[in-house]
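Ready for some practice? Work through the exercises below, then compare your steps with the solutions.

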Amino acid sequence: MLIIGEKLSIIAKRVREAMMKKDKGPIQEIAISQWKAGAGMIDANIGPAEDGGEDLMQWMVTTIQAVVPLPVCLDTTNSSALEAGLKVHNSQWGKPLINSTSNDPERFPILELGAKYNAQVIGLTVGKGGLPADAEERAAIAAEIMARAMEYGVPLEDIYLDPLVLQIATSQDHARHVIKAIKMFQEMNDPPMKTVVGLSNISNGCPKTLRPILNRYYFMLLMLEGLTAAIADAHEMAEVTKTYDVMMGKTLYAHSYLEM
Amino acid sequence: MAFVASKETYSGKVYQVNIGTGANAANLGGENVLPFHSFEGTVPNKPVIAYEIQDVPPTDWPENVQKPYSSVSGDPVAWAKFCQDNLKAKAIALRLLGTHPDRENRSPEVAAKTVKDVLSAINVPLIILGSNHAEKDAPVLVAAAEAAKDRNCIIGKAQEANYKTIVAAAMANNHKLIAMSELDINLSKQLNILITQMGFDKERLVTDPMCSALGYGLEYTYSVMERIRLAALTQNDLTMQPPMLADVGMYVWKIKEAQAPESEMPLWGNTEERGIAWEATTATALLVSGAELLIMRHPRAIEAVEKLIEELV
């Protein structure tokens, strides 16, 4: 299970302030903390970043990789910021991941960047027409994204299909549609397609005390369906992945297994 | 088309544990493959067999295994030298049986003196074992570890009930440590974790999953050892990668088959040959399941198993 450590988002006040002031301290502290808790990649979410996005993404990638030996997930809708980040990404610990392309024509050129910089790309299964209604619609969009990836020269093993997790509080039915979509996505190719979710969106808008509970149980269900990766807080998920690995026989049980 | 053997690759590796000092120091473990699978990877060290001796005369051993040592076993120093010089022992395991409260109940100081005397007479690696009385072993092994300071011995056995004191003694005096649990792979892992959480380097451990003799639960030991080794190699479980010990002699030479006289059991054949074969067979099974260190008693059983190791490695 690949955890993409999610705590470096412009939405968080402390991170936003550090980004504005180019203060490396908080950024590196969070990156290290996510890495130590088991993250295999660090998400750098700079938002739309319309002004100075190129500089900001480059600064984020180099600031993170200066202290953590992991690839970075470049998370922005600004494609020139993405390209700037890809140029400075150090891929000795793994390929970068672009978040994201979709079935919206405006997002097609992202695949060009993937091919040009040998990066992995998240394919978000939404189109211009709005949210997919169910798992089948997500799979249909996934098929289009896969065809387009091949056309642009991005190998299918570099695509992570994202079924778009929605809020349980407002879109309860989608929780099960997403579970089903994770299963369907894998059946669309041999070897199975990789999958990723933005996990914490399930509990967006829920009371603070409920959020970790919703996130963790949902994560366990998705893992059981074969989920490859999750953008999530590595600290919050450490117990879940360790317990899952013990229950699935991937690691040997000992009373102290959570401390390992 | 030529035959091509299919090969497994493993993600983990057994730690290499160095014991003893000087020219006769030895290495245990270090391989990244299942036992004797040298065609799949590297096996830098052969399994080591230690001759078992004890601090009191072996009157508790069957006569056939007392016999080879009858001229020396009254004195642990002479016994140790005999094993090293006459039998070419590559290592010696000194069991401080005389410290057991139900035996001579010797003090830790007396045990420490025995350790010192034995060490000054030999130059092969020494394994220092308590009497397997969890409570008494703690002070005995502390004194023994101090007496053997910097000779890079293996001390043991640390068990769930007494590990803290023994771990601290091994750490303070630069020894390796045997961690023993009772035929339970999960408790074996847990003990290794607890010991390393005290600051003891996991690469200085030797795991004893508890031995048993052929016909008396050998398949349990075999299975636990095999699963420990698979966790180490295929799951790269860092807590399960120490080399393993099989304490063969003490389990084999107390069973009926190793001592019942031929007059009582005519179909079982010669008693001495039977006992030797029993010890060698038990040891062989445990080598195949992953033991890197064996503690054995009869010189002819050891000779047979060493020959087998030579041929298999």
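Buried means under 20% relative accessible area, exposed means over 50%, and partly exposed lies in between. Keep in mind that this is a predicted model.

**Exercise 1.** Find out whether B:Glu52 is buried or exposed, and which residue B:Arg297 forms a salt bridge with.

*Solution.*
- Step 1: B:Glu52 has 0% relative accessibility, so B:Glu52 counts as buried.
- Step 2: B:Arg297 forms a salt bridge with B:Glu52, and their closest N and O atoms are 3.1 Å apart.
- Step 3: This pair links distant parts of the chain, 245 residues apart: B:Glu52 sits in strand S3 of chain B, and B:Arg297 in the loop between strand S10 and helix H10.
- Step 4: B:Arg297 is at 6% relative accessibility and therefore counts as buried.
- Step 5: Both residues belong to a network of salt bridges, whose members also include B:Arg95 and B:Asp208.

**Exercise 2.** Work out why B:Lys307 and B:Glu311 are separated by about one helical turn.

*Solution.*
- Step 1: The two residues form a salt bridge, with the closest N and O atoms 3.8 Å apart.
- Step 2: They are separated by about one helical turn because they are four residues apart in helix H10 of chain B.
- Step 3: B:Lys307 has a relative accessible area of 55%, so B:Lys307 is exposed.
- Step 4: B:Glu311, at 61%, is exposed.

**Exercise 3.** Decide which residues form a nonpolar patch on the surface with A:Ile213.

*Solution.*
- Step 1: The partners are A:Leu210 and A:Tyr217, and the patch has about 320 Å² of accessible area together.
- Step 2: A:Ile213 lies in helix H8 of chain A.
- Step 3: A:Ile213 counts as partly exposed because its relative accessibility is 43%.

Note on methods. Residues numbered from 1 in each chain as written. Chains lettered and ligands numbered in written order. Predicted model: local features only at pLDDT ≥ 70, side-chain atom pairs only at ≥ 80, totals over all residues. Heavy atoms only, no water. Patch = residues over 30% accessible without salt bridge, like charges linked within 9 Å, V, L, I, M, F, W, Y side chains within 5 Å. Areas by Shrake-Rupley, 256 points an atom, 1.4 Å probe, with all protein chains shown as cover. Salt bridge = Lys/Arg side-chain N within 4 Å of Asp/Glu carboxyl O. Helix = DSSP H or I, 4+ residues; strand = E, 2+ residues; numbered from the N terminus. Buried < 20%, exposed > 50% of the residue type's maximum accessible area, 1.4 Å probe, protein only.
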